[in-house]
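Biologist: I would like to go through this model with you, piece by piece. Please keep the answers short.

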Amino acid sequence: MATEAFEEIVEDFEFLEDWEDRYRYVIEQGKAMEPLDEVLKVPATKVDGCASQVWLHPKIEGGVFTFDGDSDAMIVRGLIAVLRKLYNGLAVADVLKVDARAEMERLGLNEHLSSQRSNGLRAMIERVRLVAAGG
């Protein structure tokens, strides 16, 4: 259950054959994302478990889930952009139905990220799920 925006990333990845190009693509996604307002970079929005600095600012309006985020690492900022395309615009109840691990496997990211980055990605996904679950 992925959004149309995430499906576009899957399609783009199919055209990019080498991992250098795929990493560049993820980084470009992050560069295209608006930076998170500095006032939102507070302990409450910081994601623990990431090697780099990561902040996620979720919003639920009218039952629709969205989040903004930022990181001091370019590849992680790109991963935030990818996660935003996976989740933003979904009904809150649908956020919990997304198998983010399986969706990210479609991109082949799991086997190409360092263990630290994989742990950070898991931590970001868990934060999204926690917020959607009302925690």
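Biologist: What is the strand order of the open sheet?

Modeller: This is a predicted model. Its open sheet has three strands, and the pairing is antiparallel. The order is S1-S2-S3.

Biologist: Which strands stand at the edges, and why is one side of each left without a neighbour?

Modeller: Each edge strand has a single partner strand, so one side of it has no neighbour in the sheet. The edge strands are S1 (54-61) and S3 (90-91).

Biologist: Over how many bridges do S1 and S2 pair?

Modeller: S2 covers residues 64-71 and runs antiparallel to S1. Two of the pairings can be named. His 57 has Asp 68 of S2 as its bridge partner, and Ile 60 has Phe 65. S1 and S2 pair over eight bridges.

Biologist: Which residue in the turn of the hairpin has a positive phi?

Modeller: S1 and S2 form the hairpin, with two residues between them. One residue in that turn has a phi of about 60°. That residue is Gly 62.

Biologist: Which residue in S3 stands opposite Val 64?

Modeller: S2 and S3 also pair in the antiparallel sense, over two bridges. Opposite Val 64 in S3 stands Ala 91.

Biologist: At what angle does H3 run to S2?

Modeller: H3 lies across S1, S2 and S3. H6 packs on the sheet too, touching S1 and S2, and its direction makes about 25° with that of S1. For H3 against S2, the angle is about 175°.

Biologist: At roughly what angle do the axes of H3 and H6 cross?

Modeller: Two packed helices are described by the angle and the distance between their axes. Here H3 spans residues 74-87 and H6 spans residues 115-132. Their axes come within 11 Å. The crossing is right-handed, and its angle is roughly 35°.

Biologist: How many residues of the contact of H3 with H6 are charged?

Modeller: H3 brings Ile 75, Val 76, Leu 79, Ile 80, Leu 83 and Tyr 87. H6 brings Arg 117, Leu 121, Met 124, Ile 125 and Val 128. The classes are 10 nonpolar and no polar. The charged count is one.

Biologist: Which element gives the most to the lining of the largest cavity?

Modeller: One cavity of 30 Å³ or more is counted, and the largest cavity holds about 50 Å³ of space. Its lining includes Cys 50, Val 54, Val 76, Leu 79, Gly 120, Leu 121 and Met 124. H3 and H6 each supply at least two residues. With five residues, the top contributor is H6.

Biologist: How many residues in the lining of the largest cavity are nonpolar?

Modeller: The lining also includes Ser 52, Gln 116 and Arg 117. By class, three residues are polar and one is charged. The nonpolar residues number seven.

Biologist: What is the volume of the largest pocket?

Modeller: Residues lining the largest pocket include Ala 100, Met 104, Asn 110, Leu 113, Ser 118 and Glu 126. Helix H5 (100-107) and H6 each give two or more residues. H6 has the largest share, six residues. The volume is about 190 Å³.

Biologist: How many charged residues does the lining of the largest pocket have?

Modeller: Arg 101, Arg 122, Glu 126 and Arg 129 are among the lining residues. The lining also has five nonpolar and two polar residues. The charged count is four.

Methods. Residues are numbered from 1 along each chain as its sequence is written. This is a predicted model: local features need pLDDT of at least 70, side-chain atom pairs count only at pLDDT 80 or more; totals for chains, interfaces and linings use all residues. Side-chain values use heavy atoms; hydrogens and water are left out. Axes are lines fitted to C-alpha atoms, for helices over the stretch in contact, and angles run from 0 to 180 degrees between N-to-C directions. Helices (H or I, at least four residues) and strands (E, at least two) are DSSP runs, numbered from the N terminus. A crossing is left-handed if the near helix is turned anticlockwise from the far one by less than a right angle, and right-handed if clockwise. Contact means heavy atoms within 4.5 Å. Ala, Val, Leu, Ile, Met, Phe, Trp, Tyr, Cys and Pro count as nonpolar, Asp, Glu, Lys and Arg as charged, and the others, Gly among them, as polar. On a 1 Å grid over the protein atoms alone, a cavity is a set of points where a 1.4 Å probe fits but cannot get out, and a pocket is an open set with protein on both sides within 12 Å along at least five of seven lines; lining residues have an atom within 4 Å of a point. Grid points are joined across faces, edges and corners, and a volume is the space filled by probe spheres set on the points. Two strands pair if DSSP finds at least two bridges between them.
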